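Colleague: Got a minute to walk me through this one?
Modeller: Sure, here it comes.

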Amino acid sequence: MESALALVQRQVADHHAQRVGRVVLRVGALAGVEVESLRFAFDVVSRGTPAEGATLEIESVPALVFCPTCQREFPGTDGFIFACPGCGDFCSEIRQGRELELSRIELL
Ligand SMILES: [Zn+2]
């Protein structure tokens, strides 16, 4: 969360903006963060910065797991072990879903 805010602050500095209107974060289903705690953390770390009071939007990124046997990706659900729906093998190569990154920022 603090690294995401560091990105926000860099954008603000680069654009000489006074205020941040909106921050959009991409959060993977497997990122291990709760949206509610993320919002709370954002409120706390943005206090006293140009991002204070900005609208925080969360874009959810679904989990995708790759099966080397079938050479295909399949949607992962919560958890750490993913069984391929094609061959039943357990797969651990997560291609998507661990993101916690800045997607967009709107400066005022
Ligand atoms: Zn498979």
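Modeller: One term up front: two residues are in contact if their C-beta atoms, placed from the backbone, lie within 7 Å. Also, this is a predicted model, where local features need pLDDT of at least 70, side-chain atom pairs count only at pLDDT 80 or more, and totals for chains, interfaces and linings use all residues. Residues are numbered from 1 along each chain as its sequence is written.

Colleague: OK, what is Ser-103 in contact with, leaving aside neighbours within four places in sequence?
Modeller: Val-24, Leu-25, Arg-26 and Glu-59.

Colleague: And which strand does Ser-103 lie in?
Modeller: Ser-103 belongs to β8, residues 100-107. Strands here are DSSP runs of E, at least two residues, numbered from the N terminus.

Colleague: Is Ser-103 buried or exposed, and why?
Modeller: Ser-103 is partly exposed, because 15 other C-beta atoms lie within 10 Å. Buried takes 20 or more of those, exposed 12 or fewer, and partly exposed is in between, with C-beta atoms placed from the backbone.

Colleague: Switching to β3, which strands does it pair with?
Modeller: β3 (residues 64-67) runs antiparallel to β4 (residues 72-75), joined by four bridges. β3 also pairs with β7 (residues 93-96), again antiparallel, over three bridges. Pairing needs at least two DSSP bridges between the strands.

Colleague: What stands opposite Val-65?
Modeller: Phe-74 in β4, and Ile-94 in β7.

Colleague: Which face of β3 is Val-65 on?
Modeller: The covered one, along with Cys-67. Leu-64 and Phe-66 make up the uncovered face.

Colleague: How about the hairpin of β3 and β4, how many residues between the strands?
Modeller: Four, and Gln-71 takes a positive phi near 55 degrees there.
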